[in-house]
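Let's walk through this model together, one neighbourhood at a time. Have the sequence and the 3D view open as you read.

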Amino acid sequence: MAELVEPDLADNTLINREATVRQFDEWCAAQKPTRMPSPCTTATYTAYGLHLIRRGKAGEYKPDSVGQYMSRIWNWQPLDFRPDPSRLKGRLRAWRKEWVKAGGQVDRAAAVTIEYNVRIIESIDESTNIGKRDAFLAALAYSNLHREMELADQLVKRMRVHDSGLFVTTATSKTDQSGTGASRFIRDRADLQLVRRARAWLAVLHELGADGPNDPLFRALTVKGGLRSYPADRKRGKRMRPGSLNERLQHLAEQAGVPYIDNQKVTSHSWRAGANTDMKARGVPLAERNLADRWSPGSTTADTVYDRPHGVGKGDPLDKVPQYGGTARAAVAAARAEPPTE
């Protein structure tokens, strides 16, 4: 049956894996003698990883990128013939330490926290079809901590609008490839006006004849606000590409004058990071944020990767230590430390 051989991975995962495997195939074919890419031996897997590390040391890749590439190749191998990755992982850890000592830093998207998101939304002209879509897109991306693929794949039937908020189901996600789905109620807020903006965008979809239950929630529009047409054989059908949604959100940030926040670039992931950063700053427990973020229950990623406070942060633990001798003594000591004036 044809449906049994359909890939069960998200589109962007398949695209990334295919590109990585293609490069691995080309490298294997270019070796003297040639190497077999699948199933590959531990020696071949390790040799290719070391090849990427050498290119990384020359400035082409970062350690995390090489780790992702090698993980894709390992997962692509037949289940019973996967190579031993331990030697390569050791070399990768050693290189990462060298890289960090030399000043290497992982690039993270900026956090679009609530004050930035409101600023971005306020710069949108909501009198147009495009503006109604964009305002709801920015509001929902923050409120449901969406990844770009989740936004691109969302369907009309998976969002129910109530007077008090939205009930949203995310069918599949990066951490839910089996498609179990995750649903949550998102209470309306005066600053984001989710309900009003959802209804405004759904009304546009209705006028365009694109509000069927299985229609995509977000659609590409023409300059005049009509539906953009696609070839009949397009793989994603009517759904927008995740990259298009990322580009749109970046455009909205630039339009609002915040393409960078704290010298970090704004991307679609910035809305996810912003909501998590806001919740953590206000004491929301990790377990609750994992549930809202659709992370695995035991994951610490929301704390270690997606907490990105702006500026100097909210506080210093050393503030809890009282000033020695009281504030008056500290003031006298500070005055004595001032250089003499001429």
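## Helix H8 and its surroundings

Gly-209, just after H8, adopts a positive phi of about 70°. This is a predicted model, in which local features need pLDDT of at least 70, side-chain atom pairs count only at pLDDT 80 or more, and totals for chains, interfaces and linings use all residues. Residues are numbered from 1 along each chain as its sequence is written, and side-chain values use heavy atoms, with hydrogens and water left out.

Helices (H or I, at least four residues) and strands (E, at least two) are DSSP runs, numbered from the N terminus. Helix H8 covers residues 194-207, and its end C-alpha atoms are 20 Å apart, in agreement with the 20 Å expected for 14 residues at 1.5 Å a residue. That expected span is 1.5 Å times one less than the number of residues.

Along H8, the buried residues are Leu-194, Val-195, Arg-197, Ala-198, Trp-201, Val-204 and Leu-205. Buried means under 20% relative accessible area, exposed over 50%, and partly exposed in between (1.4 Å probe, protein chains only). The buried residues of H8 pack against helices H5 (114-122) and H6 (129-143), and also against strands E1 (159-162), E2 (165-170) and E3 (182-187).

## An aromatic cluster

Five aromatic pairs occur in the structure. Rings of Phe, Tyr and Trp (its six-membered ring) pair if their centres lie within 6.5 Å; planes under 30 degrees apart count as stacked, over 60 as edge-to-face and the rest as tilted. One of the pairs is Phe-24 with Trp-27, stacked at 6.4 Å centre to centre with 10° between the planes. Both residues lie in helix H1 (residues 11-30), three residues apart, about one turn of the helix.

Phe-24 also forms a tilted pair with Tyr-48, at 4.9 Å centre to centre and 55° between the planes. This pair links distant parts of the chain, as Phe-24 is in helix H1 and Tyr-48 is in helix H2 (residues 42-57), 24 residues apart. Ring pairs thus join Phe-24, Trp-27 and Tyr-48 into a cluster. Phe-24 and Tyr-48 are both buried, and Trp-27 counts as buried because its relative accessible area is 12%.

## Cysteines

How many disulfides are there? The count is zero, where a disulfide is a pair of cysteine sulfur atoms within 2.5 Å. The closest cysteine sulfur to that of Cys-28 belongs to Cys-40, 7.0 Å away, so the two are too far apart for a bond. Cys-28 is buried at 0% relative accessibility, and Cys-40 is buried at 5%.

Definitions and conventions: Contact = heavy atoms within 4.5 Å.
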